[in-house]
Amino acid sequence: MGRHGGFSEERAHALFSLFSGFIEGTDGKELFDAYKPKLDGITPLEVLIMGERLLKEGYSVESIKKQVEKVFNIIIPALKEYEWDEPDEESAVRWLMEENRALASHMDGMKGKIRELSSLELSSVAYSSVYSSLKKDFRKLSEFEPHYLKTENVLFPFLEKHQYFEQPLKVIWSLDDDIRAVIKEINTALDSADSLGMNEHIIIGRLFMLMMRMTYKENLVILPAAAECLSDTDNSKMLEMFSEVGFAFVHPPESSAAPQEDAEYCGGLIKMGGTGVLTVHQLVSMMNSLPVDITFVDENDEVKYFSAPKERFFTRSPAIIGRKVQNCHPPDSIDTVNRIVESFRNGSESEAKFWINLRGKMLLICYYPVRDADGKYLGTAEVTQDITEIRELKGERRLLEWDKS
């Protein structure tokens, strides 16, 4: 698909020395003079290898991020000279490139509006109109999120099968998170301001730098390397997965939808319809480890399964397996049970929720219809959960704060 530019240990080492020198605080001009001449012909693969080595040498993602733009500015001219064949529309890589092009076009339009605002009177109707339009443009940037989700959750796993990609992609993911944070920051700032002030300009500058430089990192390093490493089969599978995540700023390809796979049991493994493979032991243990009661009633209204969590909310006995669900409820509830099941069967409802106080706990009881890929009704799942603590949650507690409780 692409043409390898050849791997040079000398170039990879020079790039590593340049980058690590910046991190260590060595004089920038000294580093440039020493290593720039050795970087002619640098390839995307060599850039990724450099990132791998930095992380293996113990440099943190944050320390790398602080210097990445300095190094990238030096190698951009050489990377632009790297020759590779852009993939066709059957390739997932091509669609990531198209999204980047669409983003660049959108942001060019935003730059034009920002320049226009600088020439208008703050109190004028024209300023208000352009400012309102610009705010919509910034809100639209949140719709580029599927692009980052696809790179992180589809492209990266495929690339991680190759030895050079696992570590450097951690830096890219962290930069994606920076973009997400600044998009949220600028939209909050614009919603509370009537005009572009110094604070808004500073945030906008940071956001434009992060987003546009990310398109460069992808288009000049990640995607050319991906085009060379990934097979046509890989790209086809990725494109199917892309359709589940969604596309950003472009119309999706017509044939990208992944066919729904049926689950099957084979050689002691349960193939979960294209979403993974589990042993029976893993599946049963997972279901019983969830802090919820789960009961499944089939299309004939017969109880076929219930989970065995550590703490049960309602009494369940193996004797109920095969029993009609109507016989598992007191007489005054049967009519409601029948109406719920019938609404699921005919498709008029997609859930039924109830909440009760039981022994000092607030329980949420949910009923969901279970359907196959063709929409055929297979039964009903009842899920009961203790939401006492959940109701008390306030603010946020993110993953990185897990050990700070």
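**Entry 1: charges over rings.** I looked up lysine 140 in this predicted model and found that it lies over the face of phenylalanine 249, 4.9 Å from the ring centre. I then turned to lysine 150, whose charged end sits over the ring of phenylalanine 247 at 5.0 Å from its centre.

**Entry 2: aromatic rings.** Phenylalanine 247 led me to an aromatic cluster, which Phe247 forms with Trp95 and Phe242. I next asked how many aromatic pairs the whole structure contains. The search finds eight. One of them joins tyrosine 127 and tyrosine 131. I noted this pair as stacked, with 6.1 Å from centre to centre and 20° between the planes.

**Entry 3: the tyrosine pair in its helix.** I asked where tyrosine 127 and tyrosine 131 lie. Both belong to helix α6, which covers residues 125-140. They are four residues apart, about one turn of the helix. I also checked whether these side chains are covered. Tyrosine 127 is buried, at 3% relative accessible area, and tyrosine 131 is buried as well, at 5%.

**Entry 4: cysteines.** I searched for disulfides and recorded zero in the structure. Cysteine 328 takes part in none, and the nearest cysteine sulfur, in cysteine 366, is 19 Å away. Why does cysteine 366 form no bond with cysteine 328? The two sulfurs are 19 Å apart, which is too far for a bond; a disulfide needs the sulfur atoms within 2.5 Å. I finally compared their surroundings: cysteine 328 is partly exposed, with 31% relative accessibility, whereas cysteine 366 is buried, with a relative accessible area of 4%.

How values were computed: Residues are numbered from 1 along each chain as its sequence is written. This is a predicted model: local features need pLDDT of at least 70, side-chain atom pairs count only at pLDDT 80 or more; totals for chains, interfaces and linings use all residues. Side-chain values use heavy atoms; hydrogens and water are left out. Buried means under 20% relative accessible area, exposed over 50%, partly exposed in between (1.4 Å probe, protein chains only). Rings of Phe, Tyr and Trp (its six-membered ring) pair if their centres lie within 6.5 Å; planes under 30 degrees apart count as stacked, over 60 as edge-to-face and the rest as tilted. Helices (H or I, at least four residues) and strands (E, at least two) are DSSP runs, numbered from the N terminus. A charge sits over a ring if NZ of Lys or CZ of Arg is within 6 Å of the ring centre and within 35 degrees of the ring normal.
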